[in-house]
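Biologist: I'd like to learn how to read a fold like this one. Could you take me through it feature by feature?

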Amino acid sequence: MKKIAVFPGSFDPFTIGHEAIVIRALNLFDEIIIAVGANALKKNYYSLDTRKEMIAKVFRNEPKVRIDHYEGLTVDYCKRNGAKYLLRGLRTAADFEFERAIAQVNRAMASDVESVFLLTIPEHTPINSTIVRDIIRSGGDASQFVPAAINLKDYKGEEI
Ligand code: ADP
């Protein structure tokens with residue numbers, strides 16, 4: 001059976017930290033669905049379409065990666081797509097505590113979906129979308145923190 005993993009997140013924007021996790025996970029799974037959470041209540045800097053477009057650029061030559069979005073529960077999205085694995089990245093102890101609770105609750109709701117965590121490489125530990133967004137908003141150059149395929153000048157964020 002095809003091993004499908006869902007990598008859910010806000011990806012606002014997608015960073016080299018996210019990219020590295022997906023690339024490493026390609027060795028573990030047959031297909032990875034990068035699923036952008038479309039939460040109507042959460043204000044995002046980049047629109048859903050922009051975030052998906054950026055990620056599509058990064059993996060345009062990788063047939064094992066699919067880009068999608070979803071609303072509602074992540075485990076329901078996994079079930080609808082035949083995914084038995086939920087992929088997440090871990091940077092710090094704070095990430096671990098946050099992810100632990102989510103994974104345990106997800107497991108209580110869907111015991112057939114296994115959460116899989118990859119520990120970030122040390123260089124990517126301080127990279128998070130919030131900081132990258134703040135650099136961009138303040139007119140700084142954040143290009144070193146996003147995948148080479150993404151040219152930030154091509155995209156406009158929304159004031160939030
Ligand atoms: P969310 O809003 O769900 O936290 P994010 O877009 O911030 O979504 O992150 C998605 C996933 O990627 C999470 O598992 C997060 O821990 C992981 N992640 C974010 N930045 C990095 C990084 N620099 N290295 C490794 N994993 C990361």
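Modeller: Sure. Start with strand pairing: two strands count as a pair if DSSP finds at least two bridges between them. Keep in mind that this is a predicted model. Here β4 (residues 85-90) and β5 (residues 114-119) run parallel, joined by six bridges. Within that pair, arginine 88 sits opposite phenylalanine 117 of β5.

Biologist: And which strand does β1 pair with, in the parallel sense?

Modeller: Strand β1 (residues 4-9) pairs with strand β2 (residues 31-37), again parallel and over six bridges. There, phenylalanine 7 faces isoleucine 34 in β2.

Biologist: In what order do the five strands line up in the sheet?

Modeller: Read across the open sheet, the order is β3-β2-β1-β4-β5, with parallel pairing. β3 (65-70) and β5 have a single partner strand each because they stand at the edges, so each has one side with no neighbour in the sheet. On average, neighbouring strands are turned by 30° against each other, if you ignore direction.

Biologist: Where do the helices come in?

Modeller: Look at what a helix touches and how its direction compares with the strands. Helix α1 (residues 16-25) lies across β1, β2, β3, β4 and β5, at about 115° to β5. Helix α4 packs on the sheet too, touching β4 and β5, and its direction makes about 170° with that of β4. Also, β4, α4 (residues 93-109) and β5 together form a β-α-β unit, a right-handed one.

Biologist: Now the interior. Which residues of the largest nonpolar core touch the most other members?

Modeller: The general idea is that nonpolar side chains tend to be buried together in soluble globular proteins. In this model the largest nonpolar core has 31 residues, and the ones touching the most other members are Phe14, Val22, Ile32, Ile34, Phe59, Ile150 and Leu152. Two or more residues come from each of β1, α1, β2, α2 (48-58), β5 and α5 (129-137). The top contributor is α1, with four residues. Apart from that core there is another, of 12 residues, including Tyr77, Leu86, Ala110 and Val113.

Biologist: What does leucine 152 touch, leaving out residues up to four places away in sequence?

Modeller: On that count, leucine 152 touches Tyr46, Met54, Ile136, Ala142, Ser143 and Val146.

Biologist: Last topic, charges. How many salt bridges are there?

Modeller: The rule is a side-chain nitrogen of Lys or Arg within 4 Å of a carboxyl oxygen of Asp or Glu, and the count is eight. One of them joins lysine 2 to glutamate 31, with the closest N and O atoms 3.0 Å apart. That pair links distant parts of the chain, 29 residues apart: lysine 2 is in the segment before β1, glutamate 31 in strand β2.

Biologist: Is glutamate 31 buried or exposed?

Modeller: Glutamate 31 is buried, at 11% relative accessible area. Glutamate 31 also meets arginine 66 in a salt bridge, 2.9 Å from N to O. Because arginine 66 is in strand β3 and glutamate 31 in strand β2, the pair ties together parts 35 residues apart in sequence. Arginine 66 is partly exposed, at 35%. Put together, Lys2, Glu31 and Arg66 form a linked network of salt bridges.

Biologist: Got one within a helix for me?

Modeller: Take arginine 137 and aspartate 134, whose side chains meet at 3.1 Å, N to O. These two are three residues apart in helix α5, so about one helical turn separates them. Arginine 137 is partly exposed at 32%, and aspartate 134 is partly exposed at 38%.

Definitions and conventions. Residues are numbered from 1 along each chain as its sequence is written. This is a predicted model: local features need pLDDT of at least 70, side-chain atom pairs count only at pLDDT 80 or more; totals for chains, interfaces and linings use all residues. Side-chain values use heavy atoms; hydrogens and water are left out. A crossover is right-handed if, with the strands pointing away from the viewer, the path from the first strand over the helix to the second runs clockwise. Axes are lines fitted to C-alpha atoms, for helices over the stretch in contact, and angles run from 0 to 180 degrees between N-to-C directions. Contact means heavy atoms within 4.5 Å. A nonpolar core is a set of buried Ala, Val, Leu, Ile, Met, Phe, Trp, Tyr and Cys residues joined through side-chain atoms within 4.5 Å. Buried means under 20% relative accessible area, exposed over 50%, partly exposed in between (1.4 Å probe, protein chains only).
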